[in-house]
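Student: I'm new to this structure. Could you take me through it and tell me where the labels come from?

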Amino acid sequence: MGDKTTGLFPGQIDRRDFLRAGGAAALGAAFLPGLMSSTAQAAAYSGTLNMLGWDFQPDTIKSLVAGWTAAGNPKVDVAIIPNLGYSSAIQTRLRGGDKLDLYYNFAYSSQKFIDQGWAAKLNGLPDVDKLLADMFESARARHVNVAGDIISVPYFSAVHMLHYNEKMLTDAGITTVPSTLKEIYDASKKLQSGGLASPYVAYWVKEFCEEYFHTYLLNEGITAFDDKGAPVFADDPKTEGVFAWWQSMYQEGLAPKSVLTDDPGKESAQMAQGQAAFFVLHHYFLTSIRSIGGPQSNNVKSAPIGGSNYTLQIGEVLQMGNIADADEKAAAWDLMKYYGWKDKNGKFSVFTQWAKAAGLAAPYPGFFTDPDVIAAFPSYYDLPMISKVFATGSKVVPARTLAWYPDFQAKVGDLVHPLLLGQATPKDTVAALTKAATDAQSGTGI
Amino acid sequence: MAANSMERSALSGADRAFGLRLALPAMLLLLVLLAVPTVLTILYSVHDVPPNGSSLGAFVGFKNYGVVLASPVFWRSVEVTVTFSIGFVVLSTAIGLAMAMLVNQEFVGRSLARALLIIPWATPWLVIGILWKWFADGSVGGLNAVLTQLHILSDYKEFLSDPNWALPITVLAAVWRQASFAGMLLLAGLQTLPDELGEAAAIDGATVWQRFIHIVLPWLRPVLITVTVLNVIYAFLQFDIVFAMTQGGPGDATQVLSILIYRQLFGVTHIGIGSALAVVLGLIALVGGLAVVKLLYRPEPVPI
């Protein structure tokens, strides 16, 4: 992801989203008293804050922020730009001197933005330690760098899960939901021999291969980078096997040939229509599959992957611009806490709205036990299971936030696609990825 | 005689000054919009520019060019770019010429056909990329439907995921738009061709093909040069369609230089290397354009 070049969130604005946006406005009004209880600090700033986000439900973003302003807080000028090319666009804006108080960012860019002076460290800001204490321990490394600096707060979080068609598995005589890579391969083979041409789909476009690189390695208990960011995946004898598995899934047609360019919307539809039985991607794609209302939609459920190992926990973040004025900074921080943690009533009001809108999660244990959140998620979500995956079944891979990481991230797809196409061996791919990581760290190469 | 010559010279001097005054605003605009970015890009290409653009950074001479020229990624991208460009220039010029010849004929609905010719050109590159991504889709795409109906394909094919097909399909998508542009310019050229030339040749026994080769093509040569040079430039700078359809994939099958530059400049913000790539691409486009001019341009005979 120079960027996630396809909008990752399912679907675009439609009537349902519009109605949800209206609901968000009502929600903002409902939380007004709570919001008003401690707005003195933010209210000291009389100017307008500038916020930049990407275009997932822009009306909802604006209504949530408007709710905060309506509680006596400063005005916020919310600018929304496409998810496609967001990272490039925001870097260009900041390089051009654009003033932003807070903005969405991809977690993998967060340390780079700190290093370039585009984002401020959040150390010492009021309640920041409480915010971190509230967070799943597994998620903290995304927001706190190796030096202990707090560099961001959550915008949303998710875990890679296996979406599977329960009925298709039962009909094929598969009684246990596959979890390890081998089990998924075996189950896919069985489904394929039963007539399902390509049972497995995943978002293997170039820009997204990097997430699967980590997901599949974690599934086998391999962490790609050590705490200092050194690439250690090549040292593990199981790594080549992971890449051999990946290649086999594509070469043997267990994943469709189009999977290298398909977007998650199409893959959700394939699950809903019964053209695929497995779909590995963020947990919230269950909403997408179910809401399509295809003949198989209601048979699709989700389960953890990785067996006794791990899956990848991802999350995008909010960062604060480098703000000189103390009141303005206080106001921006107040908005960040509201948007990335809790409102003044201690409720996850913003996250609850995102849960309603698309099943997005927050990396806080309390989020999963909040009655409002539970009510916000459709009943087909197994929240205790997802919470458990967040708590003990997932890793964020701290290296993913290091300053050099975007360089590596941009190269993974270039190297994985030839593997899938049979143009490179697993061994060569492991070597090439190791070189790409070391090149990225030394800032050499293209 | 000498007085006449001086008078002409003085007049032409006044004309030149008048012309310069008229052109000055445009020249200033071009200076700001073209010269400044060009100079900056060249400057960036010899510096280690920090991602935040706060300064030029350290002067590194031709180090960035060394990195570019030593990279197999670059050379593979050059290969893709040149292949793309050859396909794009040849096909869009040839199809554009064919379309121009067609809509230059008398037939019912000619006005409508000419109007339709404008539609692809009026559609943004990015939109065409998105349209063609769906059109070439292996599951629901119309291209597969057409080819299977014509018995060219026996089964649906995933064109954009196939490294052998992805590039030709992106070329076709780009040609679909550019051919209409070429067609419009060439049609304008054809409309200046006096009917008498063709009629006289026909009376002398020239076939349709002979008239096309010996009358139409020479007549269109100036327009063809313009069209081809523009097509060469468009080909080397093509970004939108490829990005919308494949983002350079699968693998590096469609990674043209403009996408590589985008990734370096805006994705990973290696501004020095990205700028060096941009300079190299500019030079390649310049050489390509000049080569076309050299190949096609012949001085018109001066009337005595």
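Student: What makes α14(A) mostly covered?

Tutor: In α14(A), 6 of its 8 residues are buried, where buried means under 20% relative accessible area, exposed over 50% and partly exposed in between, with a 1.4 Å probe and protein chains only. The buried ones are A:Phe285, A:Leu286, A:Thr287, A:Ser288, A:Ile289 and A:Arg290. One thing to keep in mind: this is a predicted model, where local features need pLDDT of at least 70, side-chain atom pairs count only at pLDDT 80 or more, and totals for chains, interfaces and linings use all residues. Residues are numbered from 1 along each chain as its sequence is written, chains are lettered from A and ligands numbered from 1 in the order in which they are written, and side-chain values use heavy atoms, leaving out hydrogens and water.

Student: Why is A:Thr287 called buried?

Tutor: Its relative accessible area is 10%, so A:Thr287 falls under the cut-off and counts as buried. Setting aside neighbours within four places in sequence, A:Thr287 is in contact with A:Ala358, A:Gly359, A:Tyr380 and A:Tyr381 (contact means heavy atoms within 4.5 Å).

Student: What do the buried residues of α14(A) pack against?

Tutor: They pack against β4, α13, β6, β7 and α16 of chain A. Those names come from DSSP runs numbered from the N terminus: helices are H or I with at least four residues, strands E with at least two. Just after α14(A) comes A:Gly293, with a positive phi of about 70°.

Student: How do you know that α20(A) is roughly antiparallel to α21(A)?

Tutor: The two helices pack at an angle of about 165°, with their axes 9 Å apart. Angles under 35 degrees count as roughly parallel, over 145 as roughly antiparallel, 65 to 115 as roughly perpendicular and the rest as oblique. So α20(A) and α21(A) are roughly antiparallel. The axes are lines fitted to C-alpha atoms, for helices over the stretch in contact, and angles run from 0 to 180 degrees between N-to-C directions.

Student: Which residues of α20(A) meet α21(A)?

Tutor: Among them are A:Phe408, A:Val412 and A:Leu415 in α20(A), and the α21(A) side includes A:Leu433 and A:Ala436. The residues of this contact divide into 10 nonpolar, 1 polar and 3 charged. Here Ala, Val, Leu, Ile, Met, Phe, Trp, Tyr, Cys and Pro count as nonpolar, Asp, Glu, Lys and Arg as charged, and the others, Gly among them, as polar.

Student: Why are α3(B) and α7(B) called oblique?

Tutor: Their angle is about 40°, with axes 6 Å apart. That value fits none of the other ranges, so α3(B) and α7(B) are oblique to each other. By class, their contact has 19 nonpolar, 9 polar and no charged residues.

Student: B:Ala166 lies in α7 of chain B too; what makes B:Ala166 count as buried?

Tutor: Its relative accessibility is 0%, so B:Ala166 meets the cut-off and counts as buried. B:Ala166 touches residues including B:Phe159, B:Thr246 and B:Pro250. The C-alpha atoms of B:Ala166 and B:Thr246 are separated by 7.7 Å, although these residues are 80 residues apart along the chain.

Student: How do you know that the buried residues of α6(B) line one face of the helix?

Tutor: B:Leu143, B:Asn144, B:Leu147 and B:Thr148 are the buried ones. Looking down the axis of α6(B), they fall within an arc of 125°, so they line one face; the arc is that of the directions from the helix axis to the C-beta atoms. They pack against α5 and α7 of chain B.
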